[in-house]
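Biologist: Could you walk me through this chain, one question at a time? I would like the reasoning as well as the result.

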Amino acid sequence: MTSFIVAKRYAKALLELGREDGNTELYGKELGAVAQMLADSAELESALVNPGFDFDSRKKLLAAILQKLGVSPMVANFFRLLMDRGRIAAARDIALTYGLLLDEVNGVTRAEVRTAAALNEEEVKRLTQSLKSVARREVALEVIEDPSLIGGVVAKIGDLVLDGSVKTQLANLKESLRRGDYA
């Protein structure tokens, strides 16, 4: 729970700075790029986080990463602050939280859709429009293939789950037959 509180505090602070200077999207992309680099390399993240390594060496490594990615001065200062305060390990959580907060500010709801088979571009558009009408706001859709569904889709928007999968329909039919509800 503490890591969520820390991530939210830092993400909110950077978001507010971005709102002041109009760079919320840029900061989100740069924050995500650094977080992704750390996620892709466990050794790199470990070298930055591990107090067994000299602090100055870790700061130089961070500076090299930031320079390689070409981040803005604000995001570079943000990461230096995280390093100085011993919060660099929270970078990925901060990036994730920042994205969620930015979606909230922009009026976007994230939705997850599980399908038995891959969807084409037109199907994704239609599904996005349908979910947009349910959520009554813009929807950022993540589509995940799940062959165990047999067919159909399961959509999750926040706490709302819309299950139209063949797997669930078969389970419901089986239960109806057990109870004798087959009129």
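What follows is a conversation about the fold, a helix contact, an aromatic cluster and some single residues.

Modeller: Before we start, this is a predicted model, in which local features need pLDDT of at least 70, side-chain atom pairs count only at pLDDT 80 or more, and totals for chains, interfaces and linings use all residues. Residues are numbered from 1 along each chain as its sequence is written, and side-chain values use heavy atoms, with hydrogens and water left out.

Biologist: Thanks! In what order do the elements of the chain run from the N terminus on?

Modeller: Helices (H or I, at least four residues) and strands (E, at least two) are DSSP runs, numbered from the N terminus. The chain has eight helices and four strands. Starting at the N terminus, their order is α-α-α-α-α-α-β-α-β-β-β-α.

Biologist: What is the radius of gyration of the chain, set against a compact globule of 183 residues?

Modeller: The radius is taken over C-alpha atoms, and the globule rule is 2.2 Å times the number of residues to the power 0.38. Along the principal axes, the C-alpha atoms fill a box of roughly 75 × 35 × 30 Å. A compact globule of 183 residues would come out near 16 Å, but this chain has 22 Å.

Biologist: And what percentage of the 183 residues counts as buried?

Modeller: Buried means under 20% relative accessible area, exposed means over 50%, and partly exposed is in between, with a 1.4 Å probe and protein chains only. By that cut-off, the buried part of the 183 residues is 32%.

Biologist: How are α2 and α3 oriented to each other?

Modeller: Axes are lines fitted to C-alpha atoms, for helices over the stretch in contact, and angles run from 0 to 180 degrees between N-to-C directions. Helix α2 (residues 24-40) and helix α3 (residues 42-49) have axes that come within 5 Å and cross at roughly 105°. Angles under 35 degrees count as roughly parallel, over 145 as roughly antiparallel, 65 to 115 as roughly perpendicular and the rest as oblique. The two helices, α2 and α3, are therefore roughly perpendicular.

Biologist: Which residues of α2 and α3 make the contact?

Modeller: Contact means heavy atoms within 4.5 Å. On the α2 side these are Met 37, Leu 38 and Asp 40, and on the α3 side Ala 42, Leu 44, Glu 45 and Leu 48.

Biologist: How do the residues of that contact divide into nonpolar, polar and charged?

Modeller: Ala, Val, Leu, Ile, Met, Phe, Trp, Tyr, Cys and Pro count as nonpolar, Asp, Glu, Lys and Arg as charged, and the others, Gly among them, as polar. The contact of α2 with α3 then has five nonpolar, no polar and two charged residues.

Biologist: Now the rings: which residues form the aromatic cluster?

Modeller: Rings of Phe, Tyr and Trp (its six-membered ring) pair if their centres lie within 6.5 Å, and planes under 30 degrees apart count as stacked, over 60 as edge-to-face and the rest as tilted. Tyr 10 and Phe 78 are edge-to-face, at 6.3 Å centre to centre with 75° between the planes, and they link helix α1 (residues 2-21) to helix α5 (residues 73-84) across 68 residues. Phe 78 and Phe 79 have centres 5.9 Å apart and planes at 85°, so this pair is edge-to-face too. The one cluster is made of Tyr 10, Phe 78 and Phe 79.

Biologist: Is Phe 79 buried or exposed?

Modeller: Its partner Phe 78 has a relative accessible area of 7% and is buried. Phe 79 has a relative accessibility of 0%, so Phe 79 counts as buried.

Biologist: What is phi of Arg 136, and where does the residue sit?

Modeller: Most residues other than glycine have a negative phi. Arg 136 lies in the loop between α7 (121-135) and β2 (138-145), and is exposed at 77% relative accessibility. Its phi is positive, near 60°.

Biologist: What about phi of Ile 150?

Modeller: Ile 150 is in the loop between β2 and β3 (153-157) and is exposed, with a relative accessible area of 56%. Ile 150 is not a glycine, yet its phi is positive, about 70°.

Biologist: Lastly, which residues does Lys 156 touch, not counting residues up to four places away in sequence?

Modeller: Lys 156 is in strand β3 and is partly exposed, with a relative accessible area of 43%. With those sequence neighbours left out, Lys 156 touches Arg 110, Ala 111, Glu 112 and Val 161.
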